[in-house]
Amino acid sequence: LLASQLSPAQLVLDSYCTLAPGIFQSVYSITNPRPNPAKFRHHASITAFEALHAVEIVWDIVPNGVSKAFRPVRLAVFDMDSTLINEEVIDELARSIGITSAVSAITARAMNGELDFENSLRERLALLKGVKADVWDELKKTITIAEGAKELIDYLRERHVLTVVVSGGFAPMALWLKEQLGLTYAFANHVRKSLPIISTHMFIRILVACRLSVKRNIPISSSVG
């Protein structure tokens with residue numbers, strides 16, 4: 001996929017290894033001019049490959065001069081929706097009040113890079129007025145954990161790797177998932193509740209995982225996410 005976007009002179013495969021079951025690391029040297037990884041992220045060939053093989057490609061750009069040797073993993077950071085779980089929680093919230101199509105359309109625009117995260121979240125929340133505050137208990141009965149997620153987290157935990165879910169979704173589900181999978185930390189948005197419905201106002205408080213790297217003295221080079 002990279003080769004299709006770069007000339008042979010720009011791209012050299014340095015190494016390939018398995019970090020953990022289902023996580024593989026390929027290290028490339030890319031000569032100047034260095035490409036913008038944001039352009040790869042939403043390229044049709046990349047998204048088609050991910051959809052076909054049910055995988056997610058994570059881009060980790062290492063500055064020139066930094067060792068490209070194998071880096072042991074000490075911190076693994078995961079998204080929640082359509083990653084550790086099979087569903088998009090905000091779409092399931094919409095389903096509970098019958099507006100799935102409208103919310104899913106905004107989600108798709110955000111995933112395609114047409115709308116920034118904060119504005120897409122606020123647009124979707126504005127449509128969700130009327131969702132019952134006890135909806136989380138109902139969702140916990142229907143949300144399904146992705147195949148292999150439990151085994152992967154168990155494998156990483158056995159090797160003393162910190163495992164974290166950092167989600168643009170909602171804390172009630174992220175904290176539930178933390179308990180289900182045995183994750184070390186869970187960070188997500190905290191929703192203000194105004195019984196008997198969820199308010200359309202919220203606190204956007206996504207904590208950046210690199211703070212954990214500093215707190216635990218883990219170099220970013222030993223983190224994957």
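This report walks through a nonpolar surface patch, a helix with its surroundings, and some salt bridges in a predicted model.

**A patch on the surface**

Let's start on the outside. Leu13, Tyr16, Phe24 and Tyr28 together make a nonpolar surface patch of about 440 Å². Two strands are involved: E1 (11-20) and E2 (23-30) each supply at least two of the patch residues. Take Tyr16, which you'll find in strand E1. Its relative accessible area is 52%, and anything over 50% counts as exposed, so Tyr16 is exposed.

**Helix H6 and its surroundings**

Now look at the loop between helix H5 (89-96) and helix H6 (100-111), where Ile99 sits. With 23% relative accessibility, Ile99 is partly exposed. Which residues does Ile99 touch, if you skip its neighbours within four places in sequence? They are Ala94, Leu127 and Leu128. Leu127 is 28 residues away from Ile99 along the chain, yet their C-alpha atoms are separated by 7.9 Å.

H6 itself has 12 residues, which should span 16 Å at 1.5 Å a residue; the C-alpha atoms at its ends are indeed 16 Å apart. Its buried residues are Val103, Ile106 and Thr107. Looking down the axis of H6, you'd see these buried residues fall within an arc of 100°, so they line one face of the helix. What do they pack against? The buried residues of H6 pack against H5 and helix H7 (117-127). Just after H6 comes Gly113, with a positive phi of about 80°.

**Salt bridges**

The count of salt bridges comes to seven. Here are some of them, with the distance between N and O atoms:

| Pair | N to O distance |
|---|---|
| Arg95 and Glu92 | 3.0 Å |
| Asp154 and Lys150 | 3.1 Å |
| Arg159 and Glu158 | 3.4 Å |

Arg95 and Glu92 both belong to helix H5, three residues apart, which is about one turn of the helix. Is each partner buried or partly exposed? Arg95 is partly exposed, with a relative accessible area of 49%, whereas Glu92 is buried at 16%.

Asp154 and Lys150 both lie in helix H9 (residues 149-158), four residues apart, again about one turn. Lys150 is partly exposed at 33% relative accessibility.

As for the pair Arg159 and Glu158, Arg159 is partly exposed with a relative accessible area of 44%, and Glu158 is exposed at 58%. Finally, salt bridges with shared partners link Lys150, Asp154 and Arg157 into one network.

Notes:
Residues numbered from 1 in each chain as written. Predicted model: local features only at pLDDT ≥ 70, side-chain atom pairs only at ≥ 80, totals over all residues. Heavy atoms only, no water. Patch = residues over 30% accessible without salt bridge, like charges linked within 9 Å, V, L, I, M, F, W, Y side chains within 5 Å. Areas by Shrake-Rupley, 256 points an atom, 1.4 Å probe, with all protein chains shown as cover. Salt bridge = Lys/Arg side-chain N within 4 Å of Asp/Glu carboxyl O. Buried < 20%, exposed > 50% of the residue type's maximum accessible area, 1.4 Å probe, protein only. Contact = heavy atoms within 4.5 Å. Expected span 1.5 Å × (residues − 1). Arc of directions from axis to C-beta.
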